[in-house]
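Trainee: Let us go through this structure together. I want to know what stands behind each term.

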Amino acid sequence: MQTLTIRRPDDWHLHLRDGAMLEAVAPWSARQFARAIIMPNLVPPVTSVAAASAYRERIRAAAGPGFTPLMTCYLTDDADPDALERGHREGVWVAAKLYPAGATTNSHSGVTDIRRIAPALERMQAIGMVLCVHGEVTDPEIDIFDREAVFLGRVLAPVMRDFPDLKIVLEHITTADSAEFVRDAGPNLAATITPQHLHLNRNALFAGGLRPHAYCLPVVKRERHRLAVRAAAVSGSPKFFLGTDSAPHLREAKESGCGCAGIWNAPHALESYATVFDEEGALDRFEGFASEHGPRFYGLPLNEGTISLERKPQKVPGEIAAAGSMLVPFHAGEELGWTLA
Ligand code: DOR
Ligand code: ZN
């Protein structure tokens with residue numbers, strides 16, 4: 001096969017930031033994806049309907065026509081069920097995002113104890129609003145490589161037991177534990193998968209030296225986990241779909257004594273995923289993963305129109321100018337076998 005044409009895809013987990021960074025990165029997503037679930041971990045976080053509406057307008061202006069930002073509410077300990085319902089009814093909130101406080105970038109205003117947001121979860125369950133979850137415990141006693149697996153039993157399973165009709169997306173899964181947990185759960189639990197967790201294992205963090213551009217959260221895991229996440233992505237199961245977690249940080253913020261977590265994969269996300277499906281002999285399942293499973297889970301229409309990829313090698317640039325400095329994209333300096341037509 002030389003050309004792969006699929007229904008226009010969506011990105012079910014994206015960080016676009018704000019201001020000059022937003023303007024630099026949004027067009028890269030808009031050229032591939034029709035819609036994206038926009039992460040609310042700005043400074044300050046997007047917690048109000050008014051802030052989300054205003055942010056949505058800035059995204060529309062930066063991305064140009066043909067791109068629909070789907071906004072999420074950043075959940076805090078005092079999340080107001082009435083405000084969630086109002087934003088959802090007004091068509092501003094598509095989902096709400098649970099960041100355990102301290103789990104990742106700009107998550108310090110997140111939820112300190114899941115029991116505190118029970119009223120919000122109750123209301124979301126009642127109105128059919130999706131909960132997006134950063135699935136890691138923050139307990140410093142838990143090894144960083146185990147934080148996702150521990151989250152499943154300690155937080156996710158109790159939430160699913162107490163709110164059985166709540167629709168939950170376990171985001172950016174990185175482990176065999178999560179792949180199995182999601183596969184074996186009922187239809188209200190799904191997961192997104194990033195390109196980096198399909199390509200990298202934890203050796204990538206230390207290949208010949210410390211590699212800040214391979215650092216994201218949840219951190220990449222052992223090879224056996226990468227293989228399990230790959231198998232889930234290409235399985236054809238409607239519970240797994242595309243979510244890049246593209247998370248730009250300027251070069252100097254990554255290459256630092258305390259480097260930021262996040263991989264900016266937006267420029268070649270679709271080609272990166274296509275390479276994986278090709279390697280796995282699963283190109284026939286790519287469209288489901290990229291363009292069908294996500295909208296079906298969220299209860300949104302499938303996109304009209306198509307996008308084509310060609311089996312044509314391309315070299316990924318080492319850096320791309322943004323916001324007065326440089327961003328280092330995922331796969332920098334490498335060759336990818338597929339190119340957006
Ligand atoms: O690597 C990450 N970067 N993981 C997250 O959960 C947040 C993100 C960011 O905002 O930079
Ligand atoms: Zn993220």
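Mentor: Start with a definition: a polar contact is a pair of N or O atoms within 3.5 Å. This is a predicted model, where local features need pLDDT of at least 70, side-chain atom pairs count only at pLDDT 80 or more, and totals for chains, interfaces and linings use all residues. Residues are numbered from 1 along each chain as its sequence is written, chains are lettered from A and ligands numbered from 1 in the order in which they are written, and side-chain values use heavy atoms, with hydrogens and water left out.

Trainee: What makes the pair between ligand 1 and the side chain of His-134 a polar contact?

Mentor: An oxygen atom of ligand 1 is 3.3 Å from an N or O atom in that His-134 side chain. The limit is 3.5 Å, so the pair counts. The side chain of Arg-17 also has an N or O atom 2.8 Å from a ligand 1 oxygen. With Leu-217, a backbone N or O atom lies 2.8 Å from an oxygen atom of ligand 1.

Trainee: Why is His-13 called buried?

Mentor: Buried means under 20% relative accessible area, exposed over 50%, partly exposed in between (1.4 Å probe, protein chains only). His-13 has 1%, so His-13 is buried. His-15, at 7%, counts as buried too.

Trainee: Which atoms are the protein donors of the zinc ion (ligand 2), and how do you know?

Mentor: Donors are N, O and S atoms within 2.8 Å of the metal (3.2 Å for Na, K and Ca); water is not among the atoms, so sites may look incomplete. His-13 (NE2), His-15 (NE2) and Asp-245 (OD) lie 2.0 to 2.1 Å from the zinc ion, so they qualify.

How values were computed. Polar contact = N/O pair within 3.5 Å; in protein donor to acceptor, adjacent residues only side chain to side chain.
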